[in-house]
Amino acid sequence: TCALPILFKEKEYSDYLTLPEFYRMIDNAFKIDTRSGRLLKSWYRDNQLNPVSCLLIAFQLLTGRRTRSEASPIQWTWIRDNRLHLPKTKTSKFDTPTVFGLTPVAIKLLNVIRLAFPMSDERNKYVFPSRDYGRKTAYGIGKTPFTVDVRSTWLKLLTLSGIERKLKHYATRHTVASYILEQTGD
């Protein structure tokens, strides 16, 4: 038999947040006012951070969900009984729904979001609504009702958290997977 060469060898991406970095990122992305239990708006304003993007990043760090396919388009109706019911994921077999349990911190984050954004707007059926939906932007009229691009907020949060190395936003998923694997072996 003839051995076939490996044409497209996958490169391992093993960079993820250390535990102290993980906690600093969560702390900087998810700031609440201890008196009111609501978002600490001054924190986001003073640090020029988009609060919805920060909350989306925090949610990803708490759950390991992919940005565009599993975290950004989440609708409130998909969250039931402290679980996230995704109609379809990137790896779903036969387009079947997948259910994920949510940690107490993720549930707290979702409860704070419910207080922060009024439900009277069409885009607020999504957990992470887009501020550009229906508005004129440099690229035209915003057509997506949920937040999709959080790269600039990700970079600001890395800097704010004292993380100087270059880290892709996908590190949110690798961080969660690395700690689950480390703790459970599965």
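Where is Asn82 found? Asn82 sits in the loop between E1 and E2. The model is predicted. This briefing covers a three-stranded open sheet and two loop residues with positive phi, Asp81 and Asn82.

**Sheet layout**
- The sheet is open and has three strands in the order E1-E2-E3.
- Pairing in this sheet is antiparallel.
- E1 covers residues 79-80 and is an edge strand.
- E3 covers residues 98-101 and is the other edge strand.
- Each of these two edge strands pairs on one side only.

**Pairing of E2 with E3**
- E2 spans residues 83-86.
- E2 and E3 pair in the antiparallel sense, over four bridges.
- Arg83 stands opposite Gly101, a residue of E3.

**Loop between E1 and E2: Asp81**
- Asp81 is placed in the loop between E1 and E2.
- Its phi is positive, about 55°, although Asp81 is not a glycine.
- Asp81 has a relative accessible area of 66%, which is over 50%, so Asp81 counts as exposed.

**Loop between E1 and E2: Asn82**
- Asn82 belongs to the loop between E1 and E2.
- Asn82 also is not a glycine, yet has a positive phi of about 55°.
- Asn82 has a relative accessible area of 46%; this lies between the 20% and 50% cut-offs, so Asn82 counts as partly exposed.

Conventions
Residues are numbered from 1 along each chain as its sequence is written. This is a predicted model: local features need pLDDT of at least 70, side-chain atom pairs count only at pLDDT 80 or more; totals for chains, interfaces and linings use all residues. Side-chain values use heavy atoms; hydrogens and water are left out. Two strands pair if DSSP finds at least two bridges between them. Buried means under 20% relative accessible area, exposed over 50%, partly exposed in between (1.4 Å probe, protein chains only).
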